[in-house]
Amino acid sequence: MSSPSAASACLGRSGGNRRMGTPRKERQMRRELGLTLPTKRERERAERARDEASAAPQPCLNCETPVLPPRKPWALYCSDYCGGMAYLIRYRRRTESDGRAKRQDVKDTLQIREALLFTGHTHSAADESRLPLTLAERQELFAAKGRSCLVCGEPATDIDHVDAQAGNAIDNLQPLCAGCHRKKTLSSHRPPLSTVPQFKGPAETEIEYRDRVRAQPPMKACDDDVTWSTGWRGLVVTRRAQSIAEGRTSS
Ligand SMILES: [Zn+2]
Ligand SMILES: [Zn+2]
């Protein structure tokens, strides 16, 4: 329990203490004891929030419906779908304003993620959680299957996952050129319409998305690609203090 990783996990669970300027001694003591009790500052915040607290759950920043269990009461979004939509809106705004949206790799990323969003899906967690291939694994694959694209025969630059949901086993990997890899990736991201309750249908979702990407100033706090990276923590802290004050959590 006294290893650095266990200690930081405890602090992490208790939420944003580091950023709240906890005095060093208190923080050290809490780390040694493995405690996740609120700091003095958090308790004061909670007391303040108690005065303003209402019993109603907080609204999702993206769709404004209540955030309900099993989501944490201080979660900013009601669902992964809503978090993904807000993320993509910020990503599009940011890459359009800094010019990256003109790059082919960024265009491809946007095209895939927008296709998923407009059919009611969140970006596949499998794509994010899969470990990148090591150099040795890449060499092993090229040695076993050759250095030519299996589709067009041009020199292979990419390693493709045959089944995008499966892992890095060599049976699931094949060499492709960049062009064929891109075509395959784009064509494999056209899933059927989802039934997640937050999904409003393709047309309405796309209209809302494009409006929110264009809006100046941003229509919602979660759309603001400029302030979000520093602002979201404050939103979580405020929601958390409020939910502690209401006794909806004891952690
Ligand atoms: Zn929502
Ligand atoms: Zn090819």
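# Exercises on a predicted helical model

Just after α4, glycine 99 takes a positive phi of about 90°. The model treated in these exercises is predicted.

## Exercise 1. Overall composition

Task: State how many helices and strands the protein has, and in what order the elements run.

Solution. Step one is the count: ten helices and two strands are present. Step two is the order, which from the N terminus on reads α-α-α-α-α-α-α-β-β-α-α-α. Step three concerns burial: of the 251 residues in the protein, 20% are buried. Step four turns to contacts between residues at least 6 apart in sequence, of which 60% join residues at least 24 apart.

## Exercise 2. Helix α4 and the largest nonpolar core

Task: Determine which elements give two or more residues to the largest nonpolar core, and which residues of α4 are buried.

Solution. Begin with the core itself, which has 18 residues. Those with the most contacts inside it are Cys60, Leu61, Tyr77, Cys82, Met85 and Ala86. Two elements give two or more residues to this core, namely α4 (80-97) and α5 (104-118). The largest share, six residues, comes from α4. Apart from this core lies another, of five residues, including Cys149, Ala156, Cys177 and Cys180.

Next, list the buried residues of α4: Tyr81, Cys82, Met85, Ala86, Leu88, Ile89, Arg90, Arg92 and Arg93. The list includes Arg90, Arg92 and Arg93, and burial here rests on a cut-off of 20 or more other C-beta atoms within 10 Å. The packing partners of the buried residues of α4 are α5, α9 (202-214) and α10 (228-245). For a single example, take methionine 85: beyond its neighbours within four places in sequence, this residue is in contact with Asn62 and Leu117.

Finally, check the length of the helix. The 18 residues of α4 should span 26 Å at 1.5 Å a residue, and the end C-alpha atoms are 26 Å apart, so expectation and model agree.

## Exercise 3. The packing of α5 and α8

Task: Decide whether α5 and α8 are roughly parallel or roughly antiparallel, and name the residues that meet.

Solution. Two packed helices are described by the angle between their axes and the distance between the axes. For α5 and helix α8 (residues 178-187), the angle is about 20° and the axes are 9 Å apart. Angles under 35 degrees count as roughly parallel; α5 and α8 are therefore roughly parallel to each other.

The residues follow. Asp108, Gln111 and Ile112 on the α5 side meet Arg182, Thr185 and Leu186 on the α8 side. By class, this contact has two nonpolar, two polar and two charged residues. Glutamine 111, in helix α5, counts as partly exposed because 14 C-beta neighbours lie inside 10 Å. Glutamine 111 and leucine 186 are 75 residues apart in sequence, yet their C-alpha atoms are 7.6 Å apart in space.

## Exercise 4. Alanine 46 and helix α10

Task: Explain why alanine 46 counts as partly exposed, and identify its contacts outside its neighbours within four places in sequence.

Solution. Locate the residue first: alanine 46 is in helix α3. Alanine 46 has 18 C-beta neighbours inside 10 Å and therefore counts as partly exposed; 20 or more would be needed for a buried residue. Leaving aside neighbours within four places in sequence, alanine 46 is in contact with Pro38, Ala241, Ile244 and Ala245. Alanine 46 and glutamate 246 are separated by 200 residues in sequence and by 8.8 Å, C-alpha to C-alpha.

Then consider α10, whose buried residues are Val237, Arg240, Ala241, Gln242, Ser243 and Ile244. This helix has 18 residues and reaches 25 Å from its first C-alpha to its last, close to the 26 Å expected at 1.5 Å a residue.

## Exercise 5. Backbone geometry in the loops

Task: Find where the cis peptide bonds to proline 70 and proline 217 lie, and state whether glutamate 64 is buried or exposed.

Solution. Most residues other than glycine have a negative phi, and most peptide bonds are trans. The bond from proline 69 to proline 70 is cis, with omega near 10°, and proline 70 is found in the loop between α3 (40-52) and α4. The bond from glutamine 216 to proline 217 is also cis, with omega near -5°; proline 217 lies in the loop between α9 and α10.

Glutamate 64, in the loop between α3 and α4, has a positive phi of about 70° although it is not a glycine. With 10 C-beta neighbours inside 10 Å, glutamate 64 counts as exposed.

Technical notes:
Residues are numbered from 1 along each chain as its sequence is written. Chains are lettered from A and ligands numbered from 1 in the order in which they are written. This is a predicted model: local features need pLDDT of at least 70, side-chain atom pairs count only at pLDDT 80 or more; totals for chains, interfaces and linings use all residues. A nonpolar core is a set of buried Ala, Val, Leu, Ile, Met, Phe, Trp, Tyr and Cys residues joined through C-beta atoms within 7 Å. A residue is buried if 20 or more other C-beta atoms lie within 10 Å of its own, exposed if 12 or fewer, and partly exposed in between; C-beta atoms are placed from the backbone. Helices (H or I, at least four residues) and strands (E, at least two) are DSSP runs, numbered from the N terminus. Two residues are in contact if their C-beta atoms, placed from the backbone, lie within 7 Å. Axes are lines fitted to C-alpha atoms, for helices over the stretch in contact, and angles run from 0 to 180 degrees between N-to-C directions. Angles under 35 degrees count as roughly parallel, over 145 as roughly antiparallel, 65 to 115 as roughly perpendicular and the rest as oblique. Ala, Val, Leu, Ile, Met, Phe, Trp, Tyr, Cys and Pro count as nonpolar, Asp, Glu, Lys and Arg as charged, and the others, Gly among them, as polar. The expected span of a helix is 1.5 Å times one less than its number of residues.
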